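Me: I would like to go through this model step by step, beginning with how far it can be trusted and then turning to its interior. Please reason through each point before giving the value or name.

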Amino acid sequence: MQAVSPTAPRGPQLARPGRPAVVARTLAELAGPTRGVVELPVRLMWHADRTFDLADPDQLLWMYENVLRETTRAEDLRHLINGRTLRRVWRRLNLPRGVRQAWESRHRGLRTA
């Protein structure tokens, strides 16, 4: 068995097996809506009811969790996630470990948000 060095480079953090987490280059580029009702595309949520009222804190969290976990496109992040809102709700999001690590590696300020 070959030993693995703790400093050995790791592969990409995964949103799920076989799917790398997609992370925005900057939080400032995330210009998604902050109010109203948002309908996610089927590629991000297969459920029949894909609408989220952003005024409802639980729905906002659920939408952000789905987008961050399921997206394969940076464009989805820019259009659906708001950078300030993401920072505000970051600690309350239920995300896969790989997604959280990927975002916190790129945006260190989220670790203390």
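Me: What is the mean pLDDT of the protein chain?
Reply: This is a predicted model, and pLDDT is the predictor's confidence in each residue, on a scale from 0 to 100. Of the residues in the chain, 87% reach 70 or more. The mean pLDDT of the protein chain is 88.

Me: Over which residues does pLDDT stay under 50?
Reply: The stretch in question is one for which the model has zero contacts beyond four places in sequence. The residues over which pLDDT stays under 50 are 1–9.

Me: Which helix gives the most to the largest nonpolar core?
Reply: The largest nonpolar core has 31 residues, and those with the most contacts inside it include Leu40, Leu86 and Trp103. Helices H1 (57–70), H2, H3 and H4 each supply at least two residues of this core. With six residues, the helix that gives the most to it is H1.

Me: Which tryptophan does leucine 86 touch, leaving out residues up to four places away in sequence?
Reply: Leucine 86 is one of the residues with the most contacts inside the largest nonpolar core. Among the residues that leucine 86 touches, beyond four places in sequence, are Leu27, Leu30, Tyr64 and Leu68. The tryptophan that leucine 86 touches is Trp103.

Me: How many residues apart in sequence are the parts that the pair of tryptophan 90 and tryptophan 103 ties together?
Reply: The count of aromatic pairs comes to one. Tryptophan 90 and tryptophan 103 form this pair, which is tilted, with 6.4 Å centre to centre and 45° between the planes. Because tryptophan 90 lies in the loop between helix H3 (83–89) and helix H4 (97–106), while tryptophan 103 lies in helix H4, the parts tied together are apart in sequence by 13 residues.

Me: Is tryptophan 90 buried or exposed?
Reply: The charged end of arginine 100 sits over the ring of tryptophan 90, 4.9 Å from its centre. Buried means under 20% relative accessible area. Tryptophan 90 has a relative accessibility of 0%, so this residue counts as buried.

Me: How far apart in space are arginine 92 and glutamate 65, C-alpha to C-alpha?
Reply: Arginine 92 lies in the loop between H3 and H4, and its relative accessible area of 48% makes it partly exposed. Arginine 92 touches Leu61 and Glu65, not counting residues up to four places away in sequence. Although arginine 92 and glutamate 65 are 27 residues apart in sequence, their C-alpha to C-alpha distance is 9.9 Å.

How values were computed. Residues numbered from 1 in each chain as written. Predicted model: local features only at pLDDT ≥ 70, side-chain atom pairs only at ≥ 80, totals over all residues. Heavy atoms only, no water. Contact = heavy atoms within 4.5 Å. Phe/Tyr/Trp six-rings, centres within 6.5 Å; stacked < 30°, edge-to-face > 60°. Helix = DSSP H or I, 4+ residues; strand = E, 2+ residues; numbered from the N terminus. Buried < 20%, exposed > 50% of the residue type's maximum accessible area, 1.4 Å probe, protein only. Lys NZ or Arg CZ within 6 Å of the ring centre and 35° of its normal. Core = buried A, V, L, I, M, F, W, Y, C linked by side-chain atoms within 4.5 Å.
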